[in-house]
Each structure stands twice: as C-alpha cells, then as structure tokens.
Amino acid sequence: MISNVASLFLLVLVTHLAAGDPTSTTTLTATPATLTKSDHAITLQWSNLPTPSPLDYVAIYSPPSSGDLDYLGFLFLNASASWATGSGRLTLPHLPDLRAPYQFRLFRWPPGEPSKNPRVDQDGDPLPDASRRAAVSGNVAYQGSGARPAQLHLAFTDEADEMRVLFVCGDDGKRLVRYGPAGLREEQWEESPTETRTYERRHMCGYPANDTVGWRHPGFIFDGIMKGLQPGRRYLYKVGSDSEGWSETYSFISRDTEANETVAFLFGDLGTYVPYSTYFQTPHESLSTVKWILRDLEALGEKPALISHIGDISYAKGYAWLWDHFFEQIEPIAANNPYHVCIGNHEYDWPSQPWKPSWAANIYNGMDGGGECGIPYSIKFKMPGNSSFPTGTEAPDTRNLYYSFDAGVVHFVYMSTETDFTQDSDQHNFLKADLERVNRSRTPFIVFQGHRPMYTSSNETKDTVHREQMIQHLEPLFVKHNVTLALWGHIHRYERFCPMKNYQCLNTSSRFVYPGAPAHVVIGMAGQDYQPSWEPRTDHPNVPIFPQPQRSMYRGGEFGYTKLVATREKLTLTYIGNHDGQVHDKVEIFSMQVDNDSSAPDKLVSAVPRSTKYVEIAGCAVLALLLGFTAGFGVRKKTDSARWTPVKNEES
C-alpha cells in the first residue's frame, strides 16, 4: 500500500514538473520592483537551478497574465559567467514603459531537445517553446502605472506659428500642454487642451498584430497644439496634469518661414534597438544614429532644426511593444525638435490593401507590415495636411500619407510610395498642385521625400517596375517644377546619384548650379542591416564585385544619416558615418537664382570628372584591377573606422 502511494506521489511530481509548474527549489528575482524614467535597469537573479543547460533562458512578459508562449523576448542564462553553477545574474539595461507590469519566467531547454514552438525568429531559427517552466519572478512596474506622459514627439502643423506635441498615457483622462517662451516664469505659461485617440486589436489586419503574441494595448495618444508662437524663438513646455503628474520640461525653437537658413537631419529605415533576443531585432546602430544627431543638434545652439524619417519607422511589424521601444529611443531628439515621417512598406503592406495594381502584385506582398495595415503609424503620428486612404476594413483610414511645409528657405514635400501615386490619383493631384504653388523667391529649394526609391543600383529586382511607374508618373513633375533634391529610403545603404532625367545624368559634379532635374539620394542606412547586393553589370561579367554605374556618384554600406544645410544661395547635403561621426560624402547645389559670381560653379560644365569614391571592396577586386582591368570605376574603400583612402580609377 505504501509502495503504491509512493509510486502515485512520484507520478504526480513528474507530471507536475513536465507541465512546467514552478518548483520550490529554483528561485528567480527581479529588482527593483518599481522603475522610474531615470532608473530603469532591471537585475535578474536566480539560484538553485539543478543541472543547468546552456539553452536555459528567462522569458519576458507584459502584462503578467500573458500565456507562456506570448513572451516579448528572452535571455539565455549562459550570458551570466556563473550560469553553470545553477546561479547567476543578468541585467536588462532598459525596458520600455508598456503601462502594465512586467514578469519574468525561467525555463529549461535541455540540449538536443527540439523546440515545439511553430514560431521562428527573423532568421528562421526556432524560438523557445516555453514548455519547462522552473521559476517565476515577482512583478516589476513603472512608477505611476502609465499615468505619467511618455514618448513625447513634436511636429509642425499647417500653421507656421504652431507646434504639435504628441504623447502616450495609460488612460484617457484629461491632460494639458503648458508652454511659454524661455525666460518667462512657469506660472505665466499658457495652457492648451489635448485630444485623445487609440486603436484596438480588432483594427489590426493580420498576424501577428491581431494575435496574442503581437498585440499589446498602445495606451492613449494625446495630441496638443501650442499656438501663437513667435518665429524663431525658444519655448519651454511640459505635458500632463496636476492629478496624474507632469512630464519633465522640454524645449524647442519655433518655426520661422522667413529664416535665411534651414537645417535638417534626414534618414530612412532607422528601426528599433531591443537589448534582448526577440522576434525582430535591429542592430544597435539605430542608437548610434540618435547619438550622433544629438551631438550635431547640441552644436547648433539656438539654430532650429527638423528631423525627417522617410519610412520603415519602428520595424514593429505587428509586435506592438516595439513601437514603445522606438518612441522612447527617439524621444531625446523628437521631444525637442519636430520629427516628420512618411509611410513605408513595413508600416503598411498587408494582403488586402486596397491599392494593388496588377504591376505591383509582387511588390506589395502583404507581409511587410505584420498585419498593422498602417494603423499604429496613422494614430501615433499626426503630420500636416489631411491626407488619408481607406483601409477597406473597419479600421480607421490610413493617414499621414502626403503633405508639405516650408521651413526657412526649403519647401519640404512628403509622399506615400505605398498608396496610389499615379496620374489623376488624389496623391498625384496634391503633389502637382503643391509644386505649382511653391514661392521660389521665399523657398528657392524643394526637397522631395518618399520611401521606395525612384533610382537605385541595389539589386532589388522586384521593385524595378515600381521604379518605372514612379519615373513615368512623378519624374515629369520633378522636372517641370524644378525639384532640387529627391530623398528615398527602403534600401539600407547610402547612394547619391547625379541629377537624373529619364535615366539620363545631367551633371556629374558634386558642386553645381541646379541643372534642370533633381539629384537623387538613397538614405536608408540609419539602422537596419539586411540588404541585397548591388546590381551586377552586364559589361563587367567577370569582375568579382559590382561596379558602380556611371550615374551613381557615391555609394557605401556604412550606417549613418544625412545633414542638410541650406541658405538662399546654396543647399548642402552631407553623409555622416556612425562609425566615426565624420562626413564621407557631400553635394552642393546652388540655387537657380544665384548670380554669376566666383562662388558658384559654371552651370554649363556638366562633365566634370567625378571625385574619387569610397566603397568596401573585396581583396580579389584589387587583384582584378592589378591584372589589367582598365575599364574601371570610381570607388571608395574603407580601410579602418577612422580613415578612408581613395582608389583612383577612370570610369569606362
């Protein structure tokens, strides 16, 4: 009888452990229990883990009610030096405020045991199946439980004397914006009300955005406008309420449409850095981009600047908490400078998107947006104008598609490459009318921005027909209305083209008077790393690298961003590398209004030899050059993180 009872007890215990219930021996703690904005590192500590495996891991959950498979990410215990002893410690440098507590669970993963989880990471590798739970931590929560405003970011409105601020709270209670010019006592500041909006899981269009693994409530987005601003003046502001708390105080310089100088920092495809393994990761280069831009902003002092992020914003792709990571990542620059965006494929594309012409069947493939169908992008941002496009579902319309504004001497135009841009579409009609209205005496330069590029030498062959459609429908507008510069993302590299008109290069110099068509620059190198190779050239079939076509003035694979500085006479765009914070390419475009003086290049000299260029090339390419390859190309070669050496050759 005793033997039967013992056998039954052993059976229950084995079943108990196999089911993944926590044991009484292994412990997992997470400290501190309360996080603040300035103190947000979490220490995980475990002990008494028997026969540890190098694949054992801690999974991260929020809210604590999440199922075991619905983790936000995980950390392998072997990142701790003492993991093999069954005890150890790991530190998470930062988790975003998701307006709900976090919980951590320790799981076993014996070597050689395949994961039963059908989900895979971005590289196609299996994710842990969370089937052998050994310990659970207590909850960790941010102070205020989401009541305090977070994720502040600014944007221009349609009025030059206004500035919009958006932020997130965990409830939709009353919040205000308080603001005043620098030097004025806070009790004399003005107050503005806010509007509130959000979205629900039912608005998502597909997996994983509408599944328990990807969906987390976004909180409530507050939208307030600071009005009656004096041009070019520094203002201080904060948001919140007396009952729920206020944000810290931020500052900005108001827009001055009469200013004689414009400064902007522009990039695409930034993404989100997440300091733990998850479904989709971006290299830490996205943090480097923010760091270097902060350096440049501080150097400007009292000069205003704007930020332009042209598509593929957070790369959340249906995993909602990555939007929270993203906005906390950019807040140091976006809370103090207007942050403008346009939509990319990773915000929008889904199988039933309403505009999918026959030529785009292989381009808008339905998976890039992770089922978000543009909803988070449309609700979390509010750009000037009122552009929208129906989703064709119960979800709200997609917004922030196309718009424009003046900032100093530059007229900035944004478009959507993901919705209808063909002739007679609403977007095309807007762009045409907008370009016709530009006052060139006030804004001598036009900078046009969109996500998918019109010109690139990347071997992204499936987008070829899309580029052809853009050239057919949009390039005539660029040429007719003298667009100065066209900036694009999507390709995760930097590439500058000469001024282009119907595939023809109009000027090969890096310093010229506007020649009648815009220079095109791809600037999608801010953080994402995956990218197909450069396109091969049929006239170089045996060369083990990809020579630049003659229209490509400079290209490279280094992460970085661009800085635009424009006066009434000249627009300068520089490419700054994250690896050293230095300038690695520059183009200067003189206004058509520049008089014939010694400072301006001759507009008629369009065949100036290209300056030497730098690109990363393989050692075998150098061998090919030494063996007599005379029909070469201009390249740049990166030799180390601080020095770039020219390799001089002639273009065939």
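**Exercise 1.** Work out how strand β19 is joined to β20, and which residue in β20 stands opposite Ile310.

*Step 1.* Find β19 at residues 306–310; four bridges join this strand to β20, and the two run parallel. Strands here are DSSP runs of E with at least two residues, helices are runs of H or I with at least four residues, and both are numbered from the N terminus. Two strands pair if DSSP finds at least two bridges between them.

*Step 2.* Now look across from Ile310: Cys342 in β20 is the residue opposite.

Before you go on, note that this is a predicted model, where local features need pLDDT of at least 70 and side-chain atom pairs count only at pLDDT 80 or more, while totals for chains, interfaces and linings use all residues. Residues are numbered from 1 along each chain as its sequence is written, and side-chain values use heavy atoms, with hydrogens and water left out.

**Exercise 2.** Put the strands of the open sheet in order and name its edge strands.

*Step 1.* Walk across the sheet: its seven strands come in the order β20-β19-β18-β32-β33-β34-β29, with mixed pairing.

*Step 2.* At the edges you meet β20 (339–342) and β29 (511–513), each of which pairs on one side only.

*Step 3.* Check the twist, which averages 20 degrees from one strand to the next. For such angles, axes are lines fitted to C-alpha atoms (for helices, over the stretch in contact), and the angles run from 0 to 180 degrees between N-to-C directions.

**Exercise 3.** Track down the backbone oddities at Pro32, Pro208, Asp269 and Asp312.

*Step 1.* Start with the rule of thumb: most residues other than glycine have a negative phi, and most peptide bonds are trans.

*Step 2.* Thr31 and Pro32 are joined by a cis peptide bond, with omega about 0 degrees. You'll find Pro32 in the loop between β1 (27–31) and β2 (34–35).

*Step 3.* Going from Tyr207 to Pro208, the peptide bond is cis too, with omega near 0 degrees. Pro208 belongs to the loop between β13 (190–197) and β14 (220–226).

*Step 4.* Asp269 isn't a glycine, yet its phi is positive, near 60 degrees. Its loop runs between β18 (261–267) and α2 (285–300). Asp269 counts as buried because its relative accessibility is 0%. (Buried means under 20% relative accessible area, exposed over 50%, partly exposed in between, using a 1.4 Å probe and protein chains only.)

*Step 5.* Asp312 also has a positive phi, about 50 degrees. Look for Asp312 in the loop between β19 and α3 (321–334); at 1% relative accessibility, Asp312 counts as buried.

**Exercise 4.** Classify the ring pair of Tyr57 and Phe74, and find the cluster these rings belong to.

*Step 1.* Rings of Phe, Tyr and Trp (its six-membered ring) pair if their centres lie within 6.5 Å; planes under 30 degrees apart count as stacked, over 60 as edge-to-face and the rest as tilted. The structure holds 39 aromatic pairs.

*Step 2.* Tyr57 and Phe74 are 6.0 Å centre to centre with 70 degrees between the planes, an edge-to-face pair. Tyr57 sits in strand β4 (residues 57–61) and Phe74 in strand β5 (residues 73–76), 17 residues apart.

*Step 3.* Tyr57 counts as buried because its relative accessibility is 1%, and Phe74 does so at 7%.

*Step 4.* Ring pairs link Tyr57 and Phe74 with Tyr61, Tyr71, Phe76, Phe107 and Trp109 into a cluster.
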